[in-house]
Each structure stands twice: as C-alpha cells, then as structure tokens.
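Here's a walk through one protein model and the ligand that comes with it. Have the sequence and the 3D view open side by side as you read.

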Amino acid sequence: MLKENLEEVERRIAAACGRAGRKRDEVTLIAVSKTKPVSAIREIMGCSVVDFGENKVQEMCKKMEEIKEPLHWHLIGHLQRNKVKYIVGKAYLIHSVDSIRLAKEIQKEAEKYGKVCPVLIEINIGGEESKDGIPKEEAIPLIREIAELSCIQVRGLMTIAPPVEKPEDARGYFKEMRELFQAVEAEQIPGVEMKELSMGMTGDFEVAIEEGATMVRVGTAIFGERQYAV
Ligand SMILES: *Cc1c(COP(=O)(O)O)cnc(C)c1O
C-alpha cells in the first residue's frame, strides 16, 4: 500500500516538473518518516528512496541505529543546541538552522570530527509568531556570519509555508522564497553554496516544485496520517 502511495506522489512530482519545464532529477523527494515505524521506512527503501526526513533527534538516531543501510537522513525539525552533538557527522543535511548560536554549536561539534556539516537556513516566510525560522530580512546577515565558520556550510534555504486553504494560496510564499534564494546567491558569499531550496509538504509540494523547490518533504501522502500519543 505504501508503494502505491509513493507511486502516486512520484507521478504528481513528475507532472509538476513537467508543468514547470523542469527535469525530474532537479527535485529530491524526502520521505518524512517521523512517528512511523522502521518497517514502514524499509518498505519505502525497497522502492529505491534514499532520502528520509525526521523532526526529532532522538527518534532519528534510534532509526539510524536500526537501519544499517547508508541512507540520507535529513533533520527537518527544530534543533536544540544540546542535541547537536548527537547528529553532527550523521545527518546528511540539517534543514533547520535559524541562529548564530546554533550554528556555532554545530561548528564546535563538526570541528571535533574534522568534518564540514551542510545546513540549510530556515526562513519563517509567513512571519508567523509561533514558527521557527528567521525573518527573510535576516537571512543574508546570518549567512554571512555563518560563512565565517569553517566546519559548517550553508547549502540553501528551507521553509514551512503557513497553513492555507488551497495549495495555490501558498504560491506567493514559495515565490518569495525563490526570490530570497536568488538574492542570497547573488551575494556570492565565499564558502556558501546555494544549491537547495527545501519547501513543499503533502498539502503543497506541487506548487512548491512549480516555484523552484529542489527538495520536497512529504510525509502524510506516503506514510498516511500520523498518530500522536496524547
Ligand atoms: C512533518 C513535516 C513534513 C511533512 O509533512 P506532511 O504534511 O505530512 O507531508 C515536512 N516538513 C517538516 C518540517 C515537517 O515537520
């Protein structure tokens, strides 16, 4: 059943790429497996998906230990500084860097490993009070500061669009994100490699692709609804 869900998501991604005149390989599908069991991840791995997204450090580490195959594990949720040590060197990409303090902690841990940790900067594009991420005006100054750190590399931007009624209503936010992406790129900050624009979830990934997403993070449409303990 998950296989059919994935095929449907794949079909929709391909169609969105087609509408936008983009190649399918310009967009990475990240299967968001948070709250879902390892058995479900294995099912999707069996369909040649290698990119998985988790929003909690502990859950991600536990799943990594169980699944030995070399997958790309993406940390997409808020990251606390005291958890950084558990994932630097393990996460393929951290999507949620939104402060210099967090970046410095990542720098400190990555330095110990002698590795460079790739990250995205999370933008609160809707200016919502309850959301993580920085206002878009702060992106370039923050990226300039992070660029001074030798063991952390900015690879792009990430956002969660505000909840909207119809996917189409999110288009303006995604467009703003693409413009911000291009503005950062134009700065040509040494050491910064603007490659990824992580945006689009189950409700809005097609619009995000049409507006330039290079990574979409899809959970529900692949794994089904999530059940949270109350
Ligand atoms: C849960 C989550 C997703 C996936 O959400 P769906 O609507 O289930 O596709 C994407 N991005 C982030 C940051 C998430 O926390």
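We'll start at the ligand and then turn to two helix pairs. Keep in mind that this is a predicted model.

So who sits around the ligand? The surrounding residues are V32, K34, I76, M158, I160, M201, T202, R217, V218, G219, T220 and R226. Sort that shell by character and you get six nonpolar residues, three polar ones and three charged ones.

Now zoom in on the ligand's oxygen atoms and look for polar partners among the side chains. K34 offers one: an N or O atom of the K34 side chain is 2.6 Å from a ligand oxygen. With T202, the distance from a side-chain N or O atom to an oxygen of the ligand comes out at 2.5 Å. T220 also takes part, with a polar side-chain atom 2.5 Å from a ligand oxygen. As for how much of the ligand gets covered, on its own it has 390 Å² of accessible area, and the protein covers 90% of that.

Next, step back to the helices. Find helix α1, residues 2-20, and helix α2, residues 38-45. Their axes come within 9 Å and cross at roughly 55 degrees, so α1 and α2 count as oblique to each other. The crossing of this pair, α1 and α2, is right-handed.

Further along the chain, look at helix α6 (residues 139-146) and helix α7 (residues 171-187). These two pack at an angle of about 45 degrees, and their axes are 10 Å apart. That angle makes α6 oblique to α7. Here, α6 and α7 cross in a right-handed way.

Conventions. Residues numbered from 1 in each chain as written. Predicted model: local features only at pLDDT ≥ 70, side-chain atom pairs only at ≥ 80, totals over all residues. Heavy atoms only, no water. Near = heavy atom within 4 Å. Polar contact = N/O pair within 3.5 Å; in protein donor to acceptor, adjacent residues only side chain to side chain. Areas by Shrake-Rupley, 256 points an atom, 1.4 Å probe, with all protein chains shown as cover. Nonpolar A, V, L, I, M, F, W, Y, C, P; charged D, E, K, R; others polar. Axes fitted to C-alpha atoms, helices over the stretch in contact; angles between N-to-C directions. Helix = DSSP H or I, 4+ residues; strand = E, 2+ residues; numbered from the N terminus. Parallel < 35°, antiparallel > 145°, perpendicular 65-115°, else oblique. Left-handed = near helix turned anticlockwise from the far one by under 90°.
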